[in-house]
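User: Hi! I am new to reading protein structures and would like to go through one step by step. Could you show it to me and then take my questions?

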Amino acid sequence: MNAKLMKIENIQMDGDYYSLLLEYLSNKTGLNFEFYQRKFVERRLKARMIRVKCSTLHSYYYYIKDNPLEIEKFLGSFNINYSCFFRNWEVFQLFENLFLKCLYYKREDLLTNLKPKRKGKSKVPLQNKENSANGSLYRKLMTLNSENALEFSEKTSLYRKINDNSRSKENIKIWSCPCASGEEPYSIAIILDNLKKQIPEFPQFKIIASDIDKDAISKAHIGLYNENVMQELSKFNEVNYFTKIESRFGYKYLINEDVKKYVEFIEEDITKGHKKTKKYDIIFCRYLLIYISREARNSFLDIIEKQLNPGGLLILGKTETLFNSYNTLKLINSRNHIYLKNN
Ligand SMILES: C[S@@+](CC[C@H](N)C(=O)[O-])C[C@H]1O[C@@H](n2cnc3c(N)ncnc32)[C@H](O)[C@@H]1O
């Protein structure tokens, strides 16, 4: 088939070679393809087949056997690393409000601002919206919404740990899984570092961040980012937590070293379990569930559920749901897809 005319919908996914190819790739890479939805795997395969001009899985199977470098390329296209700082920033605002509520602080008491420099299609800059005549109403509504949204806070292990006055007070533990190139765990670290600088006796905390993709983890360690992942970052956090560097390809943003110390990155395949034995108070598990096959979903959720403390919170992506509950996990905030583990 002529590559120019090759269309994704014309590519054939011949069944026998599909299993053969995935078995071969699985042996070579150790990746468990059963974990992912078939249509997701097929889309990735088709994208690579177009690139290397193979119109059938049969031809791609032999191509990949003759060209070992193609395995790396396939893996590169398979890991969907898209992420950005403060992705769906309202979720991070709720996370910050939760800490404030557990600590008996109000937003007005502190210097903080998570509102992005540019927010979607809104023509009115948010800063102006807040300062306008309608601003106080807008602020009241935001406060009201977030207060209602946090009715569950006293049931959390976070609240218990923060308000434990004993000497053996435990650290707060948060897991970002998957963390891509570090945008999500660093967003969490930025919020907590900013609160810690202003609140005396702020609790000790640790963030574990894991991903299967070795390159993404290396990038996270370096902490240098392009402009396209900074869209939901506020000016306040940009100024306080990044060094802006002019390069031939536009601006780059280097995360401050003092934020890095809160995050421990690990490379791991979550289908094989979690390397750490610790239990978490909050798990961010955003934009992985959408790729997981129905068969693998429950064993994956069992791993996540097991790693949560009683009273722990699971935060999913905006397009992900476990409906009202999953075993001991109960939906407590449908707007932000947050689940609380039974005590
Ligand atoms: C779309 S990103 C989500 C990143 C981040 N949580 C966010 O919301 O922006 C999905 C990530 O899942 C990772 N991933 C895919 N399969 C995985 C697995 N089996 N174990 C761990 N991470 C995996 C990919 O490498 C990719 O970085």
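**Charges, rings and sheets**

Analyst: Happy to! Let us begin with a charge over a ring: Lys 244 sits over the face of Tyr 251, at 4.3 Å from the ring centre. Please keep in mind that this is a predicted model.

User: Which residue lies over the face of Tyr 287?

Analyst: Look for a charged side chain placed over that ring. One is found at 3.9 Å from the centre of the Tyr 287 ring. The residue lying over its face is Arg 87.

User: How many salt bridges does a search of the whole structure find?

Analyst: Side chains of opposite charge can pair when their charged atoms come close. Here the search covers the whole structure, and the number of salt bridges it finds is 13.

User: Let us take one of them. How far apart are the closest N and O atoms of Lys 161 and Glu 170?

Analyst: A salt bridge needs the nitrogen and the oxygen within 4 Å of each other. Lys 161 and Glu 170 do form one, with their closest N and O atoms at a distance of 3.8 Å.

User: Is Glu 170 buried, partly exposed or exposed?

Analyst: Buried means under 20% relative accessible area and exposed means over 50%. Its partner Lys 161 has 8%, so Lys 161 is buried. Glu 170 has 47%, so the word for Glu 170 is partly exposed.

User: Which Asp also meets Lys 161 in a salt bridge, and how many residues apart are the two?

Analyst: The side chain of Asp 281 meets that of Lys 161, with 2.8 Å from N to O. This pair links distant parts of the chain, as Asp 281 belongs to strand S7 (residues 280-285) and Lys 161 to helix H8 (residues 157-162). Asp 281 is buried, at 1% relative accessibility. Along the chain, Asp 281 and Lys 161 are 120 residues apart.

User: What about Lys 272: is it buried or exposed?

Analyst: Lys 272 forms a salt bridge with Asp 269, and their closest N and O atoms are 3.5 Å apart. Asp 269 is buried, with a relative accessible area of 14%. Lys 272 has 58% relative accessibility, so Lys 272 counts as exposed.

User: Which residues are joined into one network by salt bridges that share partners?

Analyst: We have already met Lys 161 with Glu 170 and with Asp 281. With shared partners, the one network is made of Glu 170, Lys 161, Asp 281 and Lys 173.

User: On to the sheets! In the open sheet of 3 strands, which strands stand at the edges?

Analyst: The order of this sheet is S3-S5-S4, with antiparallel pairing. An edge strand has a single partner strand, so one of its sides is left without a neighbour in the sheet. The edge strands are S3 (224-226) and S4 (242-247).

User: Which residue in S5 is the bridge partner of Asn 226?

Analyst: S3 pairs with strand S5 (residues 250-255) in the antiparallel sense, over 3 bridges. In S5, the bridge partner of Asn 226 is Lys 252.

User: In the open sheet of 8 strands, which are the edge strands?

Analyst: Follow the order S6-S2-S1-S7-S8-S11-S10-S9, in which the pairing is mixed. An edge strand pairs on one side only, and here that holds for S6 and strand S9 (325-326).

User: Which residue in S2 stands opposite Lys 173?

Analyst: Strand S1 (residues 172-176) and strand S2 (residues 205-211) run parallel, joined by 5 bridges. Opposite Lys 173 in S2 stands Lys 206.

User: Which strands does helix H10 touch?

Analyst: Helix H10 (residues 214-222) packs on the sheet. Its direction makes about 160 degrees with that of S6. The strands touched by H10 are S2 and S6.

User: Last topic: how many aromatic pairs are there, and what angle lies between the planes of Phe 85 and Tyr 225?

Analyst: The count comes to 27 aromatic pairs. Phe 85 and Tyr 225 form one that is edge-to-face, with 4.9 Å from centre to centre. Both Phe 85 and Tyr 225 are buried. The angle between their planes is 90 degrees.

Terms used
Residues numbered from 1 in each chain as written. Predicted model: local features only at pLDDT ≥ 70, side-chain atom pairs only at ≥ 80, totals over all residues. Heavy atoms only, no water. Buried < 20%, exposed > 50% of the residue type's maximum accessible area, 1.4 Å probe, protein only. Helix = DSSP H or I, 4+ residues; strand = E, 2+ residues; numbered from the N terminus. Pairing = 2+ DSSP bridges. Phe/Tyr/Trp six-rings, centres within 6.5 Å; stacked < 30°, edge-to-face > 60°. Lys NZ or Arg CZ within 6 Å of the ring centre and 35° of its normal. Contact = heavy atoms within 4.5 Å. Axes fitted to C-alpha atoms, helices over the stretch in contact; angles between N-to-C directions.
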